[in-house]
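Trainee: I've got the sequence and the model open side by side. Can we go through them together?

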Amino acid sequence: MNLNLPGRVLARATATLALALAMATGTTGLLSGAEAHALPVTEGSFSFSGDEGDYISGGRSYAYSTASQDRMNISADNAHNAVRLWVDGADGDWWSLDLAAPSGKVLAPGTYTGATRHPFNEPTEPGLDLSGSGRGCNRLTGTFTISAVEFGPQGYVQKLDATFEQHCEGAAPAARGEVHIENPAPPAELGLGLDIALDGTASSLNGKATVHGTVSCNKPVQVTVAGDVTQVKKRDLIRGSFSTSVSCTPGSPVAWTGTAVPTGAVPFQKGDVEVEGRATATDPDYDQPVTAGETVAVRLTRV
């Protein structure tokens with residue numbers, strides 16, 4: 001049995017694009033690197049205020065929290081270089097905050113000075129961007145302090161305590177704020193196992209090859225098992241593909257069966273074939289595809 005956990009993969013940008021802010025002064029970009037699926041904040045607060053003349057705040061104060069039914073989502077890139085917070089206020093306001101370490105660095109506790117607009121900051125500079133509700137900076141400077149930050153797999157943010165100060169367009173007035181996030185311990189990543197049985201059948205009626213095996217998982221998922229069957233007989237190369245879907249639940253392996261139709265005129269026959277199989281499912285907690293693969297020699301019997 002081949003049991004694999006997923007490597008770092010390119011994450012969907014759906015959540016980002018849905019909340020991307022197209023503003024008169026610019027467009028908020030994506031997190032640098034591979035961005036993970038944004039997850040709701042279980043317990044958190046976000047607040048900021050600004051000096052008179054600050055464009056983002058308009059000189060006003062804003063405060064949001066999960067306790068007040070304001071919705072928040074947060075994610076990190078898979079390198080843990082940057083975090084992004086989305087706030088959807090119960091009053092209809094919406095904001096986003098990006099905090100990023102210099103390129104190649106992990107975002108860690110400390111004070112980051114000389115920040116410029118993320119994700120357009122130079123590789124040696126930290127990145128910062130507070131924008132939303134139709135307001136954003138084309139150019140900005142600022143500083144932020146990370147008091148605490150804890151990451152999980154796939155860009156999961158378990159904890160974030162930070163303060164920030166942002167100046168738009170080189171102006172003296174500033175927006176200043178803080179964010180506090182507490183999420184539960186991160187869920188385990190989806191693990192898939194694929195086993196291909198060493199026996200199969202070749203139909204004398206239609207020439208198809210039937211193979212079977214089991215899949216295993218550590219959380220309930222719908223698994224697609226697909227693959228290719230290859231056989232060489234008397235200098236004939238016989239090939240066919242199969243695909244099937246099964247519901248996998250943790251605890252015991254789940255059986256699957258797939259039938260490969262030969263692509264040419266020569267049918268599959270009894271004897272050895274090579275079966276290359278792939279089990280694929282989407283992690284329900286991180287919304288990421290996970291694949292386990294196995295290639296084995298299978299002996300077909302004629303039926």
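Mentor: Sure, and one term before we start: strands, labelled E, are DSSP runs of at least two residues, numbered from the N terminus. Keep in mind that this is a predicted model.

Trainee: Let's start with Ala90, then. Where is Ala90 found?

Mentor: Use the strand labels to place Ala90. Strand E8 covers 82-88, and strand E9 covers residues 94-100. Ala90 sits in the loop between E8 and E9.

Trainee: And is Ala90 buried or exposed?

Mentor: The cut-off for exposed is over 50% relative accessible area. Ala90 has 58% relative accessibility, so Ala90 counts as exposed.

Trainee: Which residues is Ala90 in contact with, leaving aside its neighbours within four places in sequence?

Mentor: Gln69 is a good place to look: Ala90 and Gln69 are 21 residues apart in sequence, yet their C-alpha atoms are 6.3 Å apart in space. With those sequence neighbours set aside, the contacts of Ala90 are Ser68, Gln69 and Asp70.

Trainee: Moving to the other end of E8, what does the side chain of Asn81 reach?

Mentor: Asn81 belongs to the loop between strand E7 (71-76) and strand E8 (82-88). Its relative accessibility is 7%, so Asn81 counts as buried. At 2.9 Å, the Asn81 side chain reaches the backbone oxygen of Pro102.

Trainee: Asp98 caught my eye too. Which side chain makes a polar contact with Asp98 at 2.6 Å?

Mentor: Asp98 is part of strand E9, and with 0% relative accessibility it counts as buried. One polar contact, of 3.2 Å, joins the side chains of Asp98 and His118. The contact at 2.6 Å is with the side chain of Arg84.

Trainee: Zooming out to the sheet, which are the edge strands?

Mentor: It's an open sheet of eleven strands with mixed pairing, in the order E4-E7-E8-E9-E11-E10-E12-E13-E14-E5-E6. An edge strand here pairs on one side only, and that picks out strand E4 (39-40) and strand E6 (61-65).

Trainee: Within that sheet, what is the bridge partner of Thr116 in E11?

Mentor: Strand E10 takes in residues 110-117 and pairs with E11 in the parallel sense, over two bridges. For Thr116, the partner in E11 is Gly127.

Trainee: On to the cysteines. How many residues apart in sequence are the parts that Cys137 and Cys168 tie together?

Mentor: The structure has two disulfides, and one of them joins Cys137 to Cys168, with an S to S distance of 1.6 Å. Cys137 and Cys168 are both buried. Cys137 lies in the loop between strand E11 (127-132) and strand E12 (140-151) and Cys168 in strand E13 (residues 157-168), so the parts tied together are 31 residues apart.

Trainee: What about Cys217 and Cys248: is that disulfide left-handed or right-handed?

Mentor: Their sulfur atoms are 2.2 Å apart, and both Cys217 and Cys248 are buried. Cys217 is in strand E17 (residues 209-217) and Cys248 in strand E19 (residues 236-248), so the pair ties together parts 31 residues apart in sequence. The torsion about the S-S bond is about -110 degrees, so the disulfide is left-handed.

Trainee: Now the aromatics. What kind of pair do Phe46 and Phe48 make?

Mentor: A search of the whole structure finds nine aromatic pairs. For Phe46 and Phe48, the ring centres are 5.6 Å apart and the planes are at 45 degrees, so the pair is tilted.

Trainee: And which residues do ring pairs link into a cluster?

Mentor: Phe46 and Phe48, both buried, are a handy place to begin. The cluster linked by ring pairs consists of Phe46, Phe48, Tyr62, Tyr64, Trp95 and Phe164.

Trainee: How about Tyr112 and Phe144: what kind of pair are they?

Mentor: Tyr112 is buried, with a relative accessible area of 13%, and Phe144 counts as buried at 1% relative accessibility. Planes under 30 degrees apart count as stacked. The Tyr112 and Phe144 rings have centres 4.8 Å apart and planes at 15 degrees, so this pair is stacked.

Trainee: Last one: which residue lies over the face of Tyr55?

Mentor: This is a charge over a ring, so look along the ring normal of Tyr55. At 5.0 Å from the ring centre, the residue over the face of Tyr55 is Arg135.

Notes:
Residues are numbered from 1 along each chain as its sequence is written. This is a predicted model: local features need pLDDT of at least 70, side-chain atom pairs count only at pLDDT 80 or more; totals for chains, interfaces and linings use all residues. Side-chain values use heavy atoms; hydrogens and water are left out. Helices (H or I, at least four residues) and strands (E, at least two) are DSSP runs, numbered from the N terminus. Buried means under 20% relative accessible area, exposed over 50%, partly exposed in between (1.4 Å probe, protein chains only). A polar contact is a pair of N or O atoms within 3.5 Å; within protein, one must be able to donate a hydrogen and the other to accept it, and residues adjacent in sequence count only if both atoms are side-chain atoms. A disulfide is a pair of cysteine sulfur atoms within 2.5 Å. Two strands pair if DSSP finds at least two bridges between them. Rings of Phe, Tyr and Trp (its six-membered ring) pair if their centres lie within 6.5 Å; planes under 30 degrees apart count as stacked, over 60 as edge-to-face and the rest as tilted. A charge sits over a ring if NZ of Lys or CZ of Arg is within 6 Å of the ring centre and within 35 degrees of the ring normal. Contact means heavy atoms within 4.5 Å.
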